[in-house]
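Reader: I am new to this structure and would like a close look at one part of it. Could you take me through the strands of the sheet and the pocket beside them?

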Amino acid sequence: MAGLWRCAGVRWGPGGPRLLWEEGRSSPLGYGRDLAFRVVGERSCVGARGNRCPVAAGVPGRSTQARCAECARLDRAHSVAADTYLDDPRTYRVYLAWFGRGMVKVGITAEERGSARLLEQGAVAFGWLGRGPLMAARRCEELLRAALGVPDRIPYAEKRAVRARLPDVDERAAEVAQLHARALALVGWPESLERIECHVVDHAREFGLGGLAPASGVVTELVDGGVVGGRLVAAAGPDLHLGVGDTVLVLDTRLMTGWDLAAVGAGEAGGVSVPVREVPKEEGVQDQLF
């Protein structure tokens, strides 16, 4: 149908975040600008590895991965993240990603991608640990998980809950630097992995987190005929923080994939008529992990 767009998620780059659309188009996401769309029809599978789903299977509205079971299997069949592509010849980097007090994870990314992976995850700060072959990077990742108790995954709900009450940049950097030093001192560091001196990079400015108000709700799913409209006040990873009246709602753009989206009129641009989960004021308060 004419006038409908299909979202392919958010891409982070030197110019900031952009919404990607199927057919290769993209739209810049500028803080302070209005964002509004109407959902049309039913959600369908986005396919796998650049190929369309052969049956255009329906997928649940609450899923952050708009793929049917078969396409999800095919997508992970040749994936570094799923450990199904272990002979990748590229150089990899090991990193520490910081999301809030006591919320640090370890991960790996292809060196050629630079910091894109950290922006995609919504890492407020990060530091490189080492660089080398894929399997050496994997062994280092496992070493840190076992020896330091650092996870390789932090749920997005936990990341969102603390973005509006982050400590200052010096405290963020100090926490990463402390763990970086402990990591490099571990016995069992892979010989083929080159150590990298600690240099903490902070993304708070790129994400627009300065003065961010706590979110009062999170969009749980999109529905046919539903409207999402608000002013973009911040973005981190796949999350868009939208000012709607006197409140801030979070929209995970992964929920937008697989839907046909249409523009809305000026009278509809400032509201939300899709399911939203209210965020209790005390949600996300937690003690430091280490």
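**The sheet and the second largest pocket**

Author: Strand β1 (residues 4-13) and strand β14 (residues 260-262) run antiparallel and are joined by three bridges, a strand being a DSSP run of E of at least two residues, numbered from the N terminus. One of these links has Leu 4 with Ala 262 of β14 as its bridge partner. This is a predicted model, in which local features need pLDDT of at least 70 and side-chain atom pairs pLDDT 80 or more, while totals for chains, interfaces and linings use all residues. Residues are numbered from 1 along each chain as its sequence is written, and side-chain values use heavy atoms, without hydrogens and water.

The wider setting is an open sheet of 10 strands with mixed pairing, in the order β3-β2-β1-β14-β4-β11-β12-β13-β10-β15, where pairing takes at least two DSSP bridges. Its edge strands, β3 (26-28) and β15 (276-278), each pair on one side only.

The second largest pocket (an open set of 1 Å grid points that admit a 1.4 Å probe, with protein on both sides within 12 Å along at least five of seven lines) has a volume, the space filled by probe spheres set on joined points, of about 320 Å³. Its lining, residues with an atom within 4 Å of a point, counts 17 residues, and Leu 19, Trp 21, Ser 27, Leu 35 and Ala 36 are the closest to the centre. At least two lining residues come from each of β2 (16-21), β3, β4 (34-40) and β14, and β4 gives the largest share, four residues. By class, 13 are nonpolar, two polar and two charged.

Notes:
Ala, Val, Leu, Ile, Met, Phe, Trp, Tyr, Cys and Pro count as nonpolar, Asp, Glu, Lys and Arg as charged, and the others, Gly among them, as polar.
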